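Biologist: I'm new to reading models like this one, and I'd love to go through it with you. Let's put it on the screen and take it one question at a time.

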Amino acid sequence: MEILNMSLSASVLILAIVIIRALALHRIPKITFLVLWAVALCRLLIPFSVTSIFSIYTLVNMLKTHFSSLDTTITDMSPINIGTAADTINTSLAKTASVNISPFMVAWFIGFSACALFFLVTHLRWRREYKTALPVDNEFIKTWQRSHPTRRKVEIRQSDRIAAPLTYGIFRSVILLPKGTDWTHLKHLEYILIHEFVHIRRFDALTKLLLVAGVCVHWFNPLVWVMYVLANRDIELSCDEAVVRTLGETMKSSYALTLIGLEERRSGIIPLVNNFSKNAIEERIVSIMKMKKNSIITLVAAVLIVAGATMVFATEARSDRDNNDTVSSMKSPTPTAVTTSPSSASSTERSAKIEVDTPSAEPVTEKALPEYWKMGALNVNGAPYLPLVATAENLGYTVNVVSKNIDNPEYPNTVEYNYELVKDGKSLGIASLDISDGKVAASMIDGIFCNTHDQATHTSIVLQKDTVYMPAQFFKEALDTGNKLP
Amino acid sequence: MEIKLFDSELKVMDILWKEGDTTAKRIAEILKEQVGWSKTTTYTVIKKCIAKGAIGRYDPDFVCHPVVTREQTRELETTELINKMYDGAADQLVASILGWKSLSPEEIKKLKEIVSNLE
């Protein structure tokens, strides 16, 4: 599951940011954290990876090669129990196809939909309310807006339904002021307007939307929720910082007092002030009062932190041939023993492979490989497996299912399939497949259909969607004579 | 019957009180001009008013009729103010208004008339 991988690797980064934030919140410019959250958000939402030799996963790999036994443990913890899958096949070959959507996917989708619906409904409901706001008739605000032109259209309105000023809309922003605003307190008004204009200029509404998207996709990951809360706070902190920089540092206590005033009014109207928002406003005030002019040192520190954290926690290990396998096995618990097909990603869940003996399937010729994929071959560790029936038919054979013995009293719990291959009215042999207790007991192919007769009894067969796949090499002779391959 | 109306709803009621029965379409037109609301926004507010029982509607054309009067609304708001700020004593509110708002001789004369009528 791609999402799980993305969630996992972003979690490490989020954890790192949370720690850096706790240590350096008041020491470096707040924008640093916004950049870091943006990197984490990219990791969460965009399925790509950048490699770097400094990646933390390089270290993990180095440790792993030392304790290589770890690898086997991870491979063993495969989510797909081969035995169980084979049991399903044993009960009914045809049924395998219908059981293909994993319960994890279903659970994820339900959670995703619930989250998305919740945010969407809440947002739309509030938005409908905001839309009923009335224009502000205030000379100061009009003059102020004229002297602060914006590229996008910004409206300033008032509403008796909100307790604190807010801005909504990404491309056509609207600043909403509560009706109870002290319209005569001009300094107060100016602070609020500067603050909201910073939000608009920075497209913070869009950032918040992306954060919501991250939370919806990764709803199962508590760290992503932590990130959602902290990033939203950091948006405010960084905005405050920009306001104080515009106003000048001497005004910072005056600005902080305005914020406290707004907060008092808010709690006056909504009696249920939870501890959490109290912490948030405290953090804001403290952060404003602790604000200092950015020195070269803090700027350098900020750049180093961003570069360092991104490099170490947001990249994959450099894909050396040696450790590439370990990375993929660490990142995804998908065991190599499960068959994968290039055509569909979810086939991992669908297919089950039954091994009787170590497969002797080597690619026939490197050059012919693309041709095999075109013929609908299955990729098993790089070797092509061709669908038995389809390939035979493709080669001009008519395939008849001669018999299908399910309840042979002599061989309990055994299913036997016999395919007869006919060409030009002549029977060319019988391919036989016995599945006993979920394992292929014997598979034999007679006649000239395949002249690797001896090996055929000890081979691996892949069952996928009730299709029998055999290593392409068993068709080699027939394919070569038929000039089907280059 | 107490119907508490928000600013947006009062805006719609204002039109009905001034113009009498009006179609929803016409209200939307007026408010688009006055406060820049879209048609859907106006309709949302009208629906809220209907749900609260402040507006009655009849077809065809979705004609809106003000069920509550401006006086009823004012009364409600004033009672609330008196209870909240003046401990339910209306005379204190009047005294307070007379204290800070300078009234013209004409207004004072009108008030005197109202008082003498009550007596």
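Modeller: Let's settle one term before we start: two residues are in contact if their C-beta atoms, placed from the backbone, lie within 7 Å. This is a predicted model, where local features need pLDDT of at least 70 and side-chain atom pairs count only at pLDDT 80 or more, while totals for chains, interfaces and linings use all residues. Residues are numbered from 1 along each chain as its sequence is written, and chains are lettered from A and ligands numbered from 1 in the order in which they are written.

Biologist: OK, let's try that term out. Leaving aside its neighbours within four places in sequence, which residues is Leu44(A) in contact with?

Modeller: We skip the neighbours within four places in sequence. What's left in contact with Leu44(A) is Met6(A), Ala10(A), Gly214(A), Val217(A), His218(A) and Val224(A).

Biologist: Which helix gives the most to the largest nonpolar core?

Modeller: A residue is buried if 20 or more other C-beta atoms lie within 10 Å of its own, exposed if 12 or fewer, and partly exposed in between. A nonpolar core is a set of buried Ala, Val, Leu, Ile, Met, Phe, Trp, Tyr and Cys residues joined through C-beta atoms within 7 Å. The largest has 47 residues, and those touching the most other members are Leu13(A), Ile14(A), Ile17(A), Trp37(A), Ala40(A), Leu44(A) and Met227(A). With nine residues in this core, the top giver is helix H10 (residues 222–247) of chain A.

Biologist: And how many residues are in the second, separate core?

Modeller: That core includes Ala383(A), Leu388(A), Tyr397(A) and Ala472(A). Its full count is 16 residues.

Biologist: Is Leu117(A) buried or exposed?

Modeller: Leu117(A) sits in helix H6 of chain A; helices (H or I, at least four residues) and strands (E, at least two) are DSSP runs, numbered from the N terminus. Count the other C-beta atoms within 10 Å of Leu117(A) and you get 11, so the verdict is exposed.

Biologist: Where the two chains touch, how many residues of chain A's side are charged?

Modeller: The contact takes eight residues from chain A and nine from chain B. On chain A's side, the elements giving two or more residues are helix H6 (103–131) and S2. Asp, Glu, Lys and Arg count as charged, Ala, Val, Leu, Ile, Met, Phe, Trp, Tyr, Cys and Pro as nonpolar, and the others, Gly among them, as polar. Chain A's side has two nonpolar residues, one polar, and a charged count of five.

Biologist: Over to chain B. In what order do its elements run from the N terminus?

Modeller: Chain B has six helices and three strands. From the N terminus on, they run α-β-α-α-β-β-α-α-α.

Biologist: Which strands of chain B stand at the edges of the sheet?

Modeller: Two strands pair if DSSP finds at least two bridges between them. The three strands of chain B form an open, antiparallel sheet in the order S1-S3-S2. Each edge strand has a single partner, so one side of it is left without a neighbour in the sheet, and these are S1 and S2.

Biologist: H1(B) packs on that sheet; what angle does its direction make with that of S3(B)?

Modeller: H1(B) touches S1, S2 and S3 of chain B. Axes are lines fitted to C-alpha atoms, for helices over the stretch in contact, and angles run from 0 to 180 degrees between N-to-C directions. Here the angle is about 85°.

Biologist: Which residues of H1(B) are buried?

Modeller: H1(B) covers residues 7–19. The cover over its buried residues includes strand S2 (134–135) of chain A and helix H2 (24–35) of chain B. The buried ones are Ser8(B), Glu9(B), Lys11(B), Val12(B), Met13(B) and Leu16(B).

Biologist: How many of the 16 residues of H4(B) are buried?

Modeller: H4(B) spans 22 Å between its end C-alpha atoms, which agrees with what 16 residues should span; the expected span is 1.5 Å times one less than the number of residues. H4(B) is hardly covered, though, and its count of buried residues is one.
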